[in-house]
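Biologist: Could you take me through one part of this model in detail? I'd like a close look at the main nonpolar core and whatever packs around it.

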Amino acid sequence: MHRPILFAAFAGAGLLPIQAAFAHGFAGPHMFISTLLIDDPNVADEASLPTFSFLPQPTDGGPAPGLYALEYEFDKRITENFGGSVAAGYQWLRTPGAKTANGWENVEATLKYKFYVNPEHEFMASVGVSREFARTGANGTNGAVLGFDDSSSTTPKIYWGKGFGDLPIGFLRPFAITGTLGYTIADKKLKVIGSDPDTGDPLFNNGNANQWSGGLSLQYSMRYLQSQVKDVGLPEFVNRLTPVVEVAWSSPASRPNQDSTQYLIGAGVNYTAQAYAVTVEALIPGNRQTGSHMGVIAQFHLYFDDIFPNSLGKPIVDWWN
Amino acid sequence: MRRAVPFALAMLITASPAFAHAFLERASPPVGSDIAVAPPELAITFTEGVEPLFSTIELRDAGGAVVATGKPHVAPDDNRRLAIDLPKLPPGSYTVIWHVTSVDTHKTEGSYRFTVAH
């Protein structure tokens with residue numbers, strides 16, 4: 001599922017959401033890992049607790065403010081292929097020479113339905129819809145500095161994942177790609193309500209522009225290599241690793257807007273144990289609107305279907321069976 | 001978050017012992033191997049215990065035909081090791097297709113090849 005991580009645009013232009021995501025799932029023998037910047041296509045019983053991130057923000061001069069976030073997400077299946085999630089977090093924006101802005105993020109809820117799985121070709125697809133509830137997080141001065149939306153929005157999404165297991169070249173078969181695409185519809189449209197008498201810059205209401213967002217991940221499963229292709233005798237610790245590269249993207253889809261297109265790249269490694277996973281990635285701004293300094297993101301992920309197989313880890317409709 | 005992290009720790013403390021999906025940990029003959037002579041038994045060791053009644057191992061030759069084997073069974077002292085008895089295998093490439101249910105009912109599947117040289 002996803003969590004909005006906020007990355008500032010140039011000073012004065014506000015903070016723009018790029019999505020973060022978590023989860024895992026099987027399509028045949030291929031397991032899609034819990035990715036951090038985009039959501040994966042699976043519906044599961046799990047939690048990301050916590051996800052920590054740090055990313056220096058873009059500036060038009062001077063030292064870069066540092067944005068820290070500590071977030072959580074809880075995912076619960078209602079039926080085998082249909083579930084929901086709730087996510088939020090806390091942020092700190094530390095700007096040299098200025099007071100630190102901090103506060104809770106707006107709560108976001110998502111419903112998701114996994115409508116297609118093809119085990120033979122290691123393919124999975126889902127649809128979902130997310131709702132960000134404005135003013136459930138910090139508002140006022142802190143909320144404004146952190147760029148939290150002051151009006152709610154709804155985002156229909158599609159998710160997919162494809163393992164490369166049907167390729168004829170053995171050492172390429174552990175690769176997999178996952179992707180997501182969403183369109184955020186703001187409850188209150190952004191409008192120009194006047195102009196600054198001193199600078200002439202337009203003044204806006206507290207609405208938002210609509211927005212496209214999405215991303216891709218490329219994963220290489222060492223477990224798949226060892227169990228499906230060739231056991232090259234690596235230690236079990238290495239077999240649990242999945243190197244991963246992700247790119248998340250967002251772009252305004254309506255006018256007027258205060259946003260710009262942003263790309264954020266994550267490159268790191270996932271370690272999947274029996275009931276949990278740990279992922280650490282370097283955050284690399286993909287363009288100047290996203291920043292010019294590297295950051296880091298790390299997540300501890302719990303698989304409830306493994307920890308609580310007879311209660312919290314199974315679909316709600318099966319609780320009385 | 002100050003509230004959330006202690007909540008997670010409390011849940012872990014009260015959780016039942018963790019079981020999980022059964023992944024292939026090692027196999028004999030090894031995954032992707034070239035072996036001189038086929039062994040009398042094919043065995044797969046998983047990361048979790050498996051239920052032999054709800055688990056299968058199928059062997060196919062290079063032409064895709066199913067090779068008759070024994071029924072899958074686990075070792076008395078190790079339910080992570082699922083094995084089948086093999087007939088004498090002629091030289092060629094073979095595909096192992098497995099479906100297992102772990103002791104906590106999670107299902108996993110996979111396949112791999114090995115080659116008998118002589």
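Modeller: The largest nonpolar core has 26 residues, and the members that touch the most others are B:Leu42, B:Ile44, B:Phe46, B:Ile57, B:Leu82, B:Val96 and B:Val100. Keep in mind that this is a predicted model. Chain B supplies β1 (24-28), β3 (41-46), β4 (56-60), β7 (78-85), β8 and β9 as elements that give two or more residues to this core, and α2 of chain A does so too. As a general point, nonpolar side chains in soluble globular proteins tend to be buried together.

Let's start with β3(B). In a regular strand, side chains alternate between the two faces of the sheet. You can follow that here: B:Leu42, B:Ile44 and B:Phe46 point to one face and are buried, whereas B:Glu41, B:Ala43 and B:Thr45 point to the other and are not. On one side, β3(B) runs antiparallel to β1(B), joined by four bridges, and B:Ser28 sits opposite B:Ala43 there. β3(B) also pairs with β7(B), again antiparallel, over five bridges; in that pairing B:Thr45 has B:Arg81 as its bridge partner.

Now pick out B:Phe46. Setting aside neighbours within four places in sequence, its contacts are B:Ala22, B:Phe23, B:Leu24, B:Glu25, B:Arg80, B:Leu82 and B:Val100. Separate from this core is another one, with 24 residues, including A:Ala47, A:Ala87, A:Ala88 and A:Leu302.

Next come β8(B) and β9(B). Strand β8 (residues 92-101) of chain B pairs with β9(B) in the antiparallel sense over ten bridges, and B:Ile97 is matched with B:Ser111. Five residues lie between the strands in this hairpin, where B:Thr105 takes a positive phi near 75 degrees. β9(B) has another partner as well: strand β2 (residues 34-35) of chain B pairs with it in the parallel sense over two bridges, with B:Asp34 opposite B:Thr115.

B:Lys107 belongs to β9 (residues 107-116) of chain B. B:Lys107 has 13 other C-beta atoms within 10 Å, so it counts as partly exposed. From B:Lys107 to B:Phe54 the C-alpha to C-alpha distance is 9.3 Å, although 53 residues separate them in sequence.

So what is a chain A helix doing in this list? Eight of the eight residues of α2(A) are buried, so the helix is largely enclosed by the rest of the structure. Those residues are A:Met222, A:Arg223, A:Tyr224, A:Leu225, A:Gln226, A:Ser227, A:Gln228 and A:Val229. Their cover comes from both chains: it includes β4 (30-32), α3 (236-239) and β16 (241-252) of chain A, together with β1 and β9 of chain B.

That brings us to the interface, where 24 residues of chain A are in contact with 22 residues of chain B. On the chain A side, α2(A) gives the most, with five residues. That side of chain A divides into 13 nonpolar, six polar and five charged residues.

Finally, step back to chain B as a whole. Chain B has one helix and nine strands, and buried residues make up 29% of its 118 residues. Among contacts in chain B with a separation of 6 or more, 63% are between residues 24 or more positions apart.

Key: Residues are numbered from 1 along each chain as its sequence is written. Chains are lettered from A and ligands numbered from 1 in the order in which they are written. This is a predicted model: local features need pLDDT of at least 70, side-chain atom pairs count only at pLDDT 80 or more; totals for chains, interfaces and linings use all residues. Two residues are in contact if their C-beta atoms, placed from the backbone, lie within 7 Å. Ala, Val, Leu, Ile, Met, Phe, Trp, Tyr, Cys and Pro count as nonpolar, Asp, Glu, Lys and Arg as charged, and the others, Gly among them, as polar. A residue is buried if 20 or more other C-beta atoms lie within 10 Å of its own, exposed if 12 or fewer, and partly exposed in between; C-beta atoms are placed from the backbone. Two strands pair if DSSP finds at least two bridges between them. A nonpolar core is a set of buried Ala, Val, Leu, Ile, Met, Phe, Trp, Tyr and Cys residues joined through C-beta atoms within 7 Å.
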